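Ready for a few exercises on reading a protein fold? Have a look at the sequence and the structure first, then try each task before you read its solution.

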Amino acid sequence: MFVKITFPYIYLFFILLVPSIAIDSSLLKCQVCCRLVEEIQRNVSSVDLSRVVQVDNFRLDVNGDQQKRTVPLGRSQIYLTEVMESVCEKMNDYVRATFKNNGSLTVIPLVLEGTMNPLMNEVDVVQDSDLNKSLQYYCEEIVSDIEDDLISIMKSDDDNVVHSICTEVSQLCPNKKNKEEL
């Protein structure tokens, strides 16, 4: 008789076999910020571009008419606010890990598009005493601290959103330009 082992049990078994190491919390917060922004971008890009919402401006023009314009749903204030309320729950699907080739810290999703993340072969998962609940906590902390800036940047056409949010606004990630100058 075969016993069907479900994914959470395999994950738990795998985590118990991996040794625990000390992790620099500032590096971890930087990684969480980057994954947070990527999750938001994934949400925004999943919205059909043809779906738009009308944004009203409550000011009147010189003719007494109310100015109205449309914006893509994925870049609207209401949609982005809803995303901010639930995006950190996705951190439960992420794990801390170090790359086998250089030992650098990363935070990666266990599953991508319904299959095991291919990076799992290139990393060693880091055991965490709280089973990675701190990833969601850090995510919620970041969203709470910079939610207005997050929404503002996500609404813009910024090409480097991760850098803008995680390095410039939240200052959780080091500015690589400054490191190179030193």
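Below are five exercises, each with a solution in steps.

This is a predicted model, in which local features need pLDDT of at least 70, side-chain atom pairs count only at pLDDT 80 or more, and totals for chains, interfaces and linings use all residues. Residues are numbered from 1 along each chain as its sequence is written, and side-chain values use heavy atoms, with hydrogens and water left out.

**Exercise 1. Take stock of the fold**

Task: Find how many helices and strands the protein has, and list their order from the N terminus on.

Solution:
- Step 1. Start with what counts as an element: helices (H or I, at least four residues) and strands (E, at least two) are DSSP runs, numbered from the N terminus.
- Step 2. With that rule, the protein has 6 helices and 7 strands.
- Step 3. Reading from the N terminus, the elements go α-α-β-β-α-β-β-β-β-β-α-α-α.
- Step 4. Next comes burial, where buried means under 20% relative accessible area, exposed over 50%, and partly exposed in between (1.4 Å probe, protein chains only). Of the 182 residues, 35% count as buried.
- Step 5. Contact means heavy atoms within 4.5 Å. Among the contacts with a separation of 6 or more, 64% are between residues 24 or more positions apart.

**Exercise 2. Lay out the sheet**

Task: Work out the strand order of the open sheet of 3 strands, and explain why β4 and β7 each have one side without a neighbour in the sheet.

Solution:
- Step 1. Two strands pair if DSSP finds at least two bridges between them.
- Step 2. The order in this open sheet is β4-β3-β7, and the pairing is antiparallel.
- Step 3. β4 (105-109) and β7 (123-125) are at the edges with a single partner strand each, so one side of each has no neighbour in the sheet.
- Step 4. From one strand to the next, the twist averages 45°.
- Step 5. Strand β3 (residues 94-99) and β7 run antiparallel and are joined by 3 bridges.
- Step 6. Now zoom in on Thr98, which belongs to strand β3 and stands opposite Asp124 in β7. Thr98 is buried, at a relative accessible area of 13%. Its C-alpha atom is 8.6 Å from that of Glu122, 24 residues apart along the chain.

**Exercise 3. Place a helix on the sheet**

Task: Which strands does helix α2 touch, and is Glu39 in this helix buried or exposed?

Solution:
- Step 1. For directions, axes are lines fitted to C-alpha atoms, for helices over the stretch in contact, and angles run from 0 to 180 degrees between N-to-C directions.
- Step 2. Helix α2 (residues 25-45) packs on the sheet and touches β3 and β4, and its direction makes about 30° with that of β4.
- Step 3. Glu39 lies in α2, and Glu39 is buried with a relative accessible area of 8%.
- Step 4. Leaving out residues up to four places away in sequence, Glu39 touches Val87, Lys90 and Tyr94.

**Exercise 4. Follow a bent helix to its partner**

Task: Describe the bend in α4 and how α4 and α5 are arranged.

Solution:
- Step 1. The bend at a residue is the angle between axes fitted to the seven residues ending there and the seven starting there. Helix α4 (residues 133-155) bends by about 80° at Ile146.
- Step 2. The buried residues of α4 include Tyr138, Ile142, Ile146 and Leu150. Their cover includes α2, α3 (77-86), β3, β4 and α5 (161-169).
- Step 3. Two packed helices are described by the angle between their axes and the distance between the axes.
- Step 4. The axes of α4 and α5 come within 10 Å and cross at roughly 155°.
- Step 5. Angles under 35 degrees count as roughly parallel, over 145 as roughly antiparallel, 65 to 115 as roughly perpendicular and the rest as oblique. α4 and α5 are therefore roughly antiparallel to each other.
- Step 6. The contact is made by Ile146, Asp149, Leu150, Ile153 and Met154 of α4, and by Val161, Ser164, Ile165 and Val169 of α5.

**Exercise 5. Inspect three loop residues**

Task: Say where Glu113, Gln171 and Ser76 are found, and whether each is buried or exposed.

Solution:
- Step 1. Glu113 is in the loop between β5 (111-112) and β6 (115-116). Its phi is near 50°, a positive value in a residue other than glycine, and at 84% relative accessibility Glu113 counts as exposed.
- Step 2. Gln171 is in the loop between α5 and α6 (176-181). Although Gln171 is not a glycine, its phi is positive, about 55°. With 63% relative accessibility, Gln171 counts as exposed.
- Step 3. Ser76 is in the loop between β2 (66-72) and α3, and at 4% relative accessibility Ser76 counts as buried. Not counting residues up to four places away in sequence, Ser76 touches Val53 and Val71.
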